[in-house]
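Hello,

Here is the structure I promised to pass on. Have a look at it first, and my notes follow below.

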Amino acid sequence: MVAFRLEFEDMVLPSDTTALRIPIATYRVQFNKRFTFTQARDISPYLQALGISDVYASSYLKAVPGSDHGYDVADPTQLNPEIGSEDDYWDWIATLKSRGM
């Protein structure tokens, strides 16, 4: 077995490092009809207070009705209406961005 150790000094970074973002602390959101875009937006101050730098999520595309996990996607071209509207989605994204997440 070969051990692999990555030294940061050995990394070649792109010339435009402004696009490079390394998460400090992540949080996963599980969307379903009981936890929506609006609720995700509303917990963002709490996540920021915890030191969360980046949020990732379960699928939020249109799933079969009543899906608890969202991975049984029925239409990949639409947001799941059980978890919110397109305006709700963009409000959540804008809130995360305003908090540096």
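A quick word on terms: helices (H or I, at least four residues) and strands (E, at least two) are DSSP runs, numbered from the N terminus. By that reckoning the protein chain has 3 helices and 4 strands, in the order β-α-α-β-β-β-α along the sequence.

Please keep in mind that this is a predicted model, where local features need pLDDT of at least 70 and side-chain atom pairs count only at pLDDT 80 or more, while totals for chains, interfaces and linings use all residues. Residues are numbered from 1 along each chain as its sequence is written, and side-chain values use heavy atoms, with hydrogens and water left out.

Of the 101 residues in the protein chain, 26% are buried (under 20% relative accessible area, with a 1.4 Å probe and protein chains only). The largest nonpolar core (buried Ala, Val, Leu, Ile, Met, Phe, Trp, Tyr and Cys residues joined through side-chain atoms within 4.5 Å) has 12 residues, including Phe31, Phe37, Ala40, Trp92 and Met101. Helices α1 (37-42) and α3 (86-98) each supply at least two residues of this core, and α3 gives the most, with 4.

Trp92 is worth a click: beyond its neighbours within four places in sequence, Trp92 is in contact (heavy atoms within 4.5 Å) with Phe31, Phe37, Ala40, Arg41, Val55 and Ala57.

Then there is Ser44, in helix α2 (residues 44-50). Ser44 is buried, at 0% relative accessible area. Leaving out residues up to four places away in sequence, Ser44 touches Thr95, Leu96, Arg99 and Met101. The C-alpha atoms of Ser44 and Met101 are 9.0 Å apart, with 57 residues separating the two along the chain.

Best wishes

Terms used:
Buried means under 20% relative accessible area, exposed over 50%, partly exposed in between (1.4 Å probe, protein chains only).
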